[in-house]
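Here's a walk through one protein chain, with an eye on its rings, its helices and its cysteines. Have a look at the fold first, then read on.

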Amino acid sequence: MQRRNFVKSTLGAAGLGLTAAAESVADNWHSQPAFLAKNNFKLKYAPHFGMFENNAGKDLIDQLKFMADMGFTALEDNGMMGRDAATQEKIAKEMTRLGMTMGVFVLDKGGNGQNTLAAGKPEYIEIFLNGCRKAVETAKRVNAKFTTVVPGDFERNLPIGIQTGHVIDALRRGADILAPAGLTMVLEPLSDTPNLFLRTSDQTYEICRAVNSPACKILFDIYHMQKNEGHIIPHINWCWSEIGYFQMGDNPGRKEPTTGEINYKNIFKHIYQKQKAENKEFIFGMEHGNSQPGKEGEMAVIKAYVESDSFTV
């Protein structure tokens, strides 16, 4: 079966369908991916490699093509810095051809909780700064504008204010490396363990304001913030000026929207209206698992995003 026919039949099986406009270019898939995406999604959702490999196969380029066929116009790849330069360049070339935008990759500083910046230790800070330098080179190869930074664990033998000052000092030095390259580190407060220093959006806002650089913003992961603080839309509003990137997953379970308690349709509508009013365009990283296995589970993910994106404006 030819790819264009496979995509049309698969979409139909998922209950999504193609618009008449999309069908008019069905014989030339990938020539106008942005046009196809515009008719499918209002927001720039970013899947990750592996999310659709049952349908697309294990080859990364085939996965990118499948994402574009489904209407996704961005990609995020946490492990991009661990890929060899040739693979990075191959991915970037295909994304350019497909009209896809590169989302975040994780800045390698040794792991989420490791080499904590809160400790203020010179050796930990140097590991982070070396990660910034390497991230700049990776970003150049893959046309990335955002890299995820997690400052590390609490240094519990120090007062919280001293820890916060250490983190701010280190991030300022990192921003000095990243800003000239047009690369923004997005700080991600997490719910994985209470040992992590960065836990809430308001704490992250405070730090970003203190760093005072366009190269340091908030990664607002709706899944983590639902677990740690709730009150999602007000927190988005309060932190709005410092948010650089969004991620999501439903809670409980960290699976696709519609599988848990978070009303993503309302949240997406709220963000869409705010960003449109300010002529912004955020990337929304799909940093979650699939609630169901196999090909059917992957199509259920796509259907969930179609449903959550079906808000009226």
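Let's start with a definition: a charge sits over a ring if NZ of Lys or CZ of Arg is within 6 Å of the ring centre and within 35 degrees of the ring normal. K42 does this with F311, lying over the ring face at 4.6 Å from the centre. K274 does it with W240, over the face and 4.7 Å from the ring centre.

Before going further, some housekeeping. This is a predicted model, in which local features need pLDDT of at least 70 and side-chain atom pairs count only at pLDDT 80 or more, while totals for chains, interfaces and linings use all residues. Residues are numbered from 1 along each chain as its sequence is written, and side-chain values use heavy atoms, with hydrogens and water left out.

**The overall picture**

The protein chain has 13 helices and 9 strands; these are DSSP runs numbered from the N terminus, with helices being H or I of at least four residues and strands E of at least two. Of its 313 residues, 52% count as buried, meaning under 20% relative accessible area with a 1.4 Å probe and protein chains only (exposed is over 50%, partly exposed in between). A contact here is heavy atoms within 4.5 Å. Among contacts between residues at least 6 apart in sequence, 77% join residues at least 24 apart.

**Around F311**

F311 sits in the segment after α13. What does F311 touch, leaving out residues up to four places away in sequence? The list is K42, L43, K265, F268, K269 and Y272. N266 is 45 residues from F311 in sequence, yet their C-alpha atoms are 7.4 Å apart.

**Aromatic pairs**

Rings of Phe, Tyr and Trp (its six-membered ring) pair if their centres lie within 6.5 Å; planes under 30 degrees apart are stacked, over 60 edge-to-face, and the rest tilted. The whole structure holds 17 such pairs. Two of them are set out here.

| Pair | Type | Centre to centre | Angle between planes |
|---|---|---|---|
| F52 and F72 | stacked | 5.7 Å | 20° |
| Y272 and F311 | tilted | 5.5 Å | 55° |

The stacked pair links distant parts of the chain: F52 is in the loop between β1 (44-46) and α4 (53-56), and F72 is in the loop between α5 (60-69) and β2 (74-75), 20 residues apart. F52 counts as buried because its relative accessibility is 1%, and F72 is buried at 1% too. In the tilted pair, Y272 belongs to helix α12 (residues 264-277) and F311 to the segment after α13 (294-308), so the pair ties together parts 39 residues apart in sequence. Y272 is buried, with a relative accessible area of 15%, as is F311, at 4%.

**Helices α7 and α8**

How far apart are the end C-alpha atoms of α8 (residues 160-178)? They are 26 Å apart, which agrees with the 27 Å expected for 19 residues; the expected span is 1.5 Å times one less than the number of residues. For α7, with 21 residues, both the expected span and the end-to-end C-alpha distance are 30 Å.

The buried residues of α7 include F128, C132 and V136, and its buried residues pack against α6 (85-98), β3 (101-102), β4 (105-106), β5, α8 and β6. Just after α7, N143 takes a positive phi of about 60°. In α8, the buried residues include V167, L171 and L178. The buried residues of α8 pack against α7 (122-142), β5 (146-149), β6 (184-187), α9 (201-211) and β7 (216-221).

**Nonpolar cores**

A nonpolar core is a set of buried Ala, Val, Leu, Ile, Met, Phe, Trp, Tyr and Cys residues joined through side-chain atoms within 4.5 Å. The largest has 78 residues, and Y45, L64, L171 and F246 have the most contacts inside it. Its largest share, 8 residues, comes from α7. A second, separate core of 8 residues includes F146, V186, L219 and Y245. Setting aside neighbours within four places in sequence, F246 is in contact with residues including F220, W240, I271 and F282.

**Cysteines**

How many disulfides does a search of the whole structure find? It finds 0, with a disulfide taken as a pair of cysteine sulfur atoms within 2.5 Å. C216 is in none, and the nearest cysteine sulfur, that of C208, is 4.0 Å away. C216 is buried, at 0% relative accessibility. The sulfur of C239 is too far for a bond, because the closest cysteine sulfur, in C208, is 8.8 Å away. C239 is buried as well, with a relative accessible area of 2%.
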